[in-house]
Structures are given as C-alpha cells and as structure tokens.
Amino acid sequence: MPASRLSALLVLIAAACVLAFAPILVRLTETGPAAAGFWRFAFAMPLLLALTARPKFLGGGGEGIGRPSKWMGLATLFFVLDLSFWHYGIVMTSVANATVLCNLTPVVVTLFGWIVFRDRPRRLFVAAIGLAMGGAFAMSAGADGQQGTNPPLGDLFSLSVALWYAGYFLAVKAARATAGAMRILLWSTGLGLPLLLGVSLALGEELLPASASGWAACAAMGLMHVVGQGGVAWSLGRLPASLTAVTILIQPVVASGLGWLIFKETMTPIQMIGGAVVLAAIVLAQWSSGRPRVRPSVGPRTGSGSGGPEGPTTAAPPKKKGAEAEAAAPVS
C-alpha cells in the first residue's frame, strides 16, 4: 500500500474513532439534545475559523472564508436535522442502537442514485438492503426497555438520521464542485448555530450546562466535530468511496464499546444479532456497489470507435481485456 494511501486510511480510522465519542458526550453535556448540538457548533467555530484563515495550518483548505452557496445552505439544513434527531435518539435509546441505525446512510444514498439518476444496483445490493432493514427491525424490537427513556421512538429517530445525513452528504458533494471541504464545514457549522439554538429554545430545553464537567463535555464536542468531520472530509479526497464507507463503520463498534464501559449498557441477544446483521448488510452493500461491472465478451462493438472511459473500441481484443483487468483490479 502506498504511503499516502496508508496515511489517509489511518487518518480515516482515527476520525471515525473520534466521532464515536459523540453519543457519549451528548449524554454528558447536561443540556437538552438540540442544545448539545448548538454547543458542539459554538465550540467548533473558533477552530474552523482558524483552520480556514490559515490554509497551511493543519491542512487548511487554502480558500479563505468566502461566501456560502445554496448547496452549503441545504447542507446546513440537513445537518441540523441530523444532529437534532440523532441527539434525541441517543437520549431515548442505547448508544449502540443510535449509532448503528444512523449508519444506514450509504444504503439511502445508493437508493437515491437508483431512483433519481437511474443507476440501478445489482441484485446482491438489493438483497443487502432487505438484510439491513431486517437487522434494524431486530435491534428495535429486541430492546429490553432499560436503555433509554423511549427505545422504540429513539430507534425511529436514529433511523431517520440516515435520511438526513444522506441529504447532507449529497448536498456537500454538490458544494464540493466549487468549494473545499473545510469551507463547507465552516459554513454548515456557522449557519447551523442559530437554527440549533432556535430548536432548543422552541422545545424548552435546558440550554446551559450545570457544572464544569458539562461545559467540558460541550467543549470536547466542538473539538470532536472539527477533528472527526475534518478527518473524514480530508480522507474522502484520497481514498475510494467504497473503502471509506466500510472503514467508517468502525464508529458504531467503538461507540458500543464506550457505551458498555461508561454507561454499563447491556445488549439483548436479539439486539446483538440485529446489530451484526445491520453492519454485515452495510458492508455487503458497499462491496457490491463498489465491484466493477463485467462486460460480456461479445466481440468488437460498432460505432465511432470511442468507447468512453474504457478506451477506444477498436483496440485488439487481447490488449483490451488486459487493460480492463488492470482497471478492475483493487488498489492495494
């Protein structure tokens, strides 16, 4: 594996582990769920401004602050919905459930591409979707009622996060056409500040932490936001999407372990099986969608002689087959 690729993979793993602390810190902030998101953004803003203003400091984007685009605004809206529903889900259900269910986002994104862009997935991927839904249902149905204030509703909220984060992912992807990852993160965080504050006030949440430890948890969430989200965004520009999606699944595994160590959360056998099925289904879905499609050998095609990304259609069959095999081989 090349050194640059290995470095990106290590950064991605570290970022996923950092983001796994999110559900733990939300419970320690001593504020309402939406208020926790507000403080996460508030403490992240100074760091993001420093990173954006100083392009060479810790890998800043080099663009400056600039102005937000419509796609950044849409990303902000989805991000606010994401944090609001997920933070309430964390309070209502277990850390393991909340973290695993929200990681169905890759499935939602692929379904969106199938419906909107007519990018039809393979049958194996469709089977993986059904497997993931079955595992998610098992996790929700298997709760013992002692893992949050309302496990079924918390599971539903956490499952909806997959939709909100998929929207955020697609909006950020569109915004990346004209802006870098750090600028997008800066504006989605800054624009989301008043929205999360408004949600918190409208729901009558406790806005201020009651102790120094609560404030420390809020500050830690800001640091986690910058390091975790920034690390993932940086790695996405250097690793294949399929590898990134599979690697990021270390987050629910770490979060489940933290929930067991810190909150002494237990998991019923049905939930354990359901969680394993969900993770296996997501990995299977990503593996299926990442496999190159094999074109049948039916002889040379007729046409203008330009075969698109595969190269000229007039190439000799043996050479063409070798070129295709090289392109399809995984990068180690």
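This is a short dialogue about a predicted model.

Visitor: How many aromatic pairs does a search of the whole structure find?
Guide: Eight aromatic pairs are found. One of them joins W39 and W215.

Visitor: What makes the pair of W39 and W215 edge-to-face?
Guide: Two values decide, because a pair needs ring centres within 6.5 Å and edge-to-face needs planes over 60 degrees apart. The centres of W39 and W215 are 4.9 Å apart, and the planes are at 75 degrees. The pair is therefore edge-to-face.

Visitor: Why is this pair said to link distant parts of the chain?
Guide: W39 sits in helix α3 (residues 33–53). W215 sits in helix α10 (residues 212–236). The two are 176 residues apart.

Visitor: Is W39 buried or exposed?
Guide: The relative accessible area of W39 is 14%. Buried means under 20%, so W39 is buried.

Visitor: Why is W215 called partly exposed?
Guide: W215 has a relative accessible area of 32%. Partly exposed lies between the 20% limit for buried and the 50% limit for exposed, so W215 counts as partly exposed.

Visitor: How do you know that the rings of F85 and F157 are edge-to-face?
Guide: Their centres are 5.3 Å apart and their planes stand at 75 degrees. The angle has to be over 60, so this pair is edge-to-face. F85 is in helix α4 (residues 70–92) and F157 in helix α8 (residues 151–175), with their positions 72 residues apart in the chain count. F85 is partly exposed, because its relative accessible area is 26%.

Visitor: Which residues form one aromatic cluster with W39 and W215?
Guide: F38 and F43 join them in one cluster.

Visitor: What makes the nonpolar surface patch that includes W215?
Guide: F43, L208 and W215 make the patch, about 260 Å² in area. L208 lies in the loop between α9 (181–202) and α10. A patch residue needs over 30% relative accessible area. L208 has 46%, so L208 clears that cut-off and counts as partly exposed. W215 clears the cut-off with its 32%.

Visitor: Which residues does V11 touch?
Guide: V11 touches G231, W234 and S235, leaving out residues up to four places away in sequence. V11 lies in helix α1 (residues 3–19). The C-alpha atoms of V11 and G228 are separated by 9.4 Å, with the two residues 217 apart along the chain. V11 is partly exposed, because its relative accessibility is 32%.

Visitor: Why is helix α5 called largely enclosed by the rest of the structure?
Guide: Helix α5 (residues 95–102) has eight residues, and eight of the eight are buried, so the helix is largely enclosed. Among the buried residues are N97, T99 and C102.

Visitor: What makes the phi of E30 stand out?
Guide: Most residues other than glycine have a negative phi. E30 is not a glycine, yet its phi is positive, about 65 degrees. E30 is in the loop between α2 (22–28) and α3. E30 is partly exposed, because its relative accessibility is 33%.

Visitor: How many disulfides does the count come to?
Guide: The count is zero. A disulfide needs two cysteine sulfur atoms within 2.5 Å.

Visitor: Is C218 buried or exposed?
Guide: C218 has a relative accessible area of 0%, so C218 is buried. C17 counts as partly exposed, because its relative accessibility is 25%.

Technical notes. Residues numbered from 1 in each chain as written. Predicted model: local features only at pLDDT ≥ 70, side-chain atom pairs only at ≥ 80, totals over all residues. Heavy atoms only, no water. Phe/Tyr/Trp six-rings, centres within 6.5 Å; stacked < 30°, edge-to-face > 60°. Helix = DSSP H or I, 4+ residues; strand = E, 2+ residues; numbered from the N terminus. Buried < 20%, exposed > 50% of the residue type's maximum accessible area, 1.4 Å probe, protein only. Patch = residues over 30% accessible without salt bridge, like charges linked within 9 Å, V, L, I, M, F, W, Y side chains within 5 Å. Areas by Shrake-Rupley, 256 points an atom, 1.4 Å probe, with all protein chains shown as cover. Salt bridge = Lys/Arg side-chain N within 4 Å of Asp/Glu carboxyl O. Contact = heavy atoms within 4.5 Å.
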